[in-house]
Amino acid sequence: CFTIKGSCYALTYNTKIDQDNTAALLPNGKLILSVDKDTYEELGLQGRPSQYSGKKVMRYIITIDLTDSSFHPDSKKHNRVLWALKDKKPLEFDFLLAWYNTGAEGSTLMSYFSKNQIQALKPKITFSTLRDLQCPVLQSNELQGKPDESCSTEELFEWLGAVLNQVSLDNKSCSFLSTYCCPQPNTMVEKAFLCTITGFIIPEKIIQLLEQLCCYFGEPKLAYWLTLTVHGFADSPVSWRESEHGFHKGGENLYNFVIFRNLDYWLQMAVGTNDDCPP
């Protein structure tokens, strides 16, 4: 009922995409399983080889559409899948769950899974103030930047990574860690705010956060631009829409909004090697 009455999200927790069986439930009602070769053969459900398996296929992707009209509780298809997952090859996971409901009445996740070990979690939120921060000068209509006038999107993305990882920007010759410096042209900002939210954050909440951030450009207009970076889970079996996701070296899977005072914006998307390009 959660997939019909709202947007339901689920992701296996503490599982490694390149070692373990993993699963994700998407808001469109599709259950995606990424399983090893032995599990796939025992389940007997139709799937496809992982596109990152190499010549010797060791991982398979199974997609089950829970909203399919033929997938009702009394159907052979439903009973076959249930038997495979519960009896033939029982798969047990710890899941992160979220449900976005636009007002429809009904059960909550907590009450529905009350017989299971379920715990309500809140995102972890941290705030910090960055003082005397060198920031690149940006122009919303200049994606490639202009010499002595503005920086490019690539330069901004690299700078942002340095700031979020607390890398020094002063390019000191005695530094053994980094000789990175803020791109030119730049300006010194007396005070900048950094907020980090860690948790299972669904897209509907990110949209709400974006709308709240845009209110910051109301009077008095203190900032020329702001950014919102969203990191996907490194071990999720999917990244963009239903695209298969692999870990490789880091499991990168993120996007970044740069919002300007006039409400123009840039959207930057990045993935690792084992991933399809974003749509």
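Where is the place of I201? Select I201 and look along the chain to either side. The residue sits in a loop, with β8 (186-198) on one side and α6 (203-214) on the other. Keep in mind that this is a predicted model.

**Stop 1: I201 and its patch**

Colour I201 by accessibility. Its relative accessible area is 33%. I201 therefore counts as partly exposed, a class that lies between the 20% and 50% limits. Now add I125, F127, I197 and L209 to the selection. Together with I201, these residues make a nonpolar surface patch. The patch covers about 460 Å².

**Stop 2: the six-stranded sheet**

Switch to cartoon view. Find the open sheet of six strands. Read across it in the order β4-β5-β3-β2-β1-β6. The pairing is antiparallel. Then go to the edge strands, β4 (48-49) and β6 (95-100). Each of these pairs on one side only.

Stay with β4. Its partner is β5, residues 59-65. The two strands pair in the antiparallel sense, over two bridges. Select R48 and look across to β5: I61 stands opposite.

**Stop 3: the two domains**

Zoom out to the whole protein chain. Colour 6-113 as domain 1 and 124-271 as domain 2, following the domain assignment. Place a marker at the centre of each domain, taken over C-alpha atoms: 33 Å separate the two.

Finish at the contact between them. How many residues does each domain bring to the contact? Domain 1 gives 25 residues, and domain 2 gives 17 residues.

Definitions and conventions
Residues are numbered from 1 along each chain as its sequence is written. This is a predicted model: local features need pLDDT of at least 70, side-chain atom pairs count only at pLDDT 80 or more; totals for chains, interfaces and linings use all residues. Side-chain values use heavy atoms; hydrogens and water are left out. Patches are made of residues with over 30% relative accessible area and no salt bridge: like charges are joined within 9 Å, nonpolar side chains (Val, Leu, Ile, Met, Phe, Trp, Tyr) within 5 Å. Accessible areas come from the Shrake-Rupley method with a 1.4 Å probe; for residues, only the protein chains shown count as cover. A salt bridge is a side-chain nitrogen of Lys or Arg within 4 Å of a carboxyl oxygen of Asp or Glu. Helices (H or I, at least four residues) and strands (E, at least two) are DSSP runs, numbered from the N terminus. Buried means under 20% relative accessible area, exposed over 50%, partly exposed in between (1.4 Å probe, protein chains only). Two strands pair if DSSP finds at least two bridges between them. Domain bounds come from an automatic or database domain assignment. Contact means heavy atoms within 4.5 Å.
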